[in-house]
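Me: I am new to this structure. Please show me how to read it, one feature at a time.

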Amino acid sequence: MGKTVLITGASRGIGRAMATVFAENNYHVMINYLKAEREARLLEQELTKQGYTVAVYRADVMQKAQVTEMIATGEKLFGSIDVLINNAGISQFKLFTEISEEEWDTMLNTHLKGMFNCCQGLLPSMIHQKKGKIINIASIWGLVGASCEVPYSTAKAGMIGFTKALAKEVGPSGIQVNCIAPGIIETEMNEGLNNMEKKQLKEETPLLRFGKPEEIAHLALYLASAEADFITGQVISPNGGFVI
Ligand code: NAP
């Protein structure tokens, strides 16, 4: 049986690109989503039609019971889950003084509790097998902070700290934990930016453009591969030179 990857938030954007690239590289792919049922099913159809083995599973990563059920389903279907990509995410652009307690909790729970739930759910079997790869999708804003994105920057910085600590703890069990901290990538997440803001951000980027979801997907594929077995606890930031 081939290897299996579980990608959270794979109905759209970067997650969708990762699902496609991993399927094209002989992984069985478990596509998680929360609301975008139609997009997730279309992706499943598209990949299945090409002969790839994929499964779609709706689960809110914030809810431990739903994550536990999703992992049990994946292990039943595919034998084991070898790679976990914590990618599900949300963004919000708001002054710090105007953020509600609920918005703060939702931001942190989506990124941090989601990652906690998925890692705790999968690690016992990875430790048992003495192998596994965990890839956490953070952001440049977790490295340098973004004005009007305090909760998002906090959550992404938390993902970076989590990656480093967990890498130390589970390294002796043969498990690698790494973090990708992308710059601005062309997905629906950035649809709120107007044309002037997009132009300015591109001008501030040495490579003068935004990244493509596929560029993140190929980096994740490399980190999941045996060629990257000596890489753990690292934060790799594909950002066009925006943060150097
Ligand atoms: P996107 O297009 O908005 O997609 C977000 C995905 O996350 C969707 O599939 C969504 O599922 C899923 N999701 C959100 N909350 C969820 C939950 N509670 N449980 C399960 N799934 C959930 O975003 P993207 O740009 O691809 O971003 C993917 C990741 O990269 C995020 O963690 C984001 O913070 C990070 N990132 C993005 C950029 C960028 O510029 N785009 C830059 C740096 C980092 P449904 O649609 O089904 O609800």
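Me: Which helices and strands each supply at least two residues of the shell around the ligand?
Reply: Helices (H or I, at least four residues) and strands (E, at least two) are DSSP runs, numbered from the N terminus. Here they are α1 (13–24), β2 (28–33), α4 (101–129) and α6 (150–170). This is a predicted model: local features need pLDDT of at least 70, side-chain atom pairs count only at pLDDT 80 or more, and totals for chains, interfaces and linings use all residues. Residues are numbered from 1 along each chain as its sequence is written, and side-chain values use heavy atoms, without hydrogens and water.

Me: How many residues surround the ligand?
Reply: A residue counts as near if one of its heavy atoms lies within 4 Å of the molecule. Here 32 residues surround the ligand. The closest are Ser11, Ala36, Asn87, Tyr152 and Thr187.

Me: Where is an oxygen atom of the ligand 2.9 Å from a side-chain N or O atom?
Reply: The partner is in the side chain of Lys156. Backbone atoms take part too: a polar one of Ile14 is 2.8 Å from a ligand oxygen, and an N or O atom of Lys35 lies 2.8 Å from a ligand oxygen.

Me: Is Arg41 buried or exposed?
Reply: Buried means under 20% relative accessible area, exposed over 50%, partly exposed in between (1.4 Å probe, protein chains only). Arg41 has 34%, so it is partly exposed. Arg41 lies in helix α2 (residues 37–49). Its C-alpha atom is 29 Å from that of Val177, 136 residues apart along the chain.

How values were computed: A polar contact is a pair of N or O atoms within 3.5 Å; within protein, one must be able to donate a hydrogen and the other to accept it, and residues adjacent in sequence count only if both atoms are side-chain atoms.
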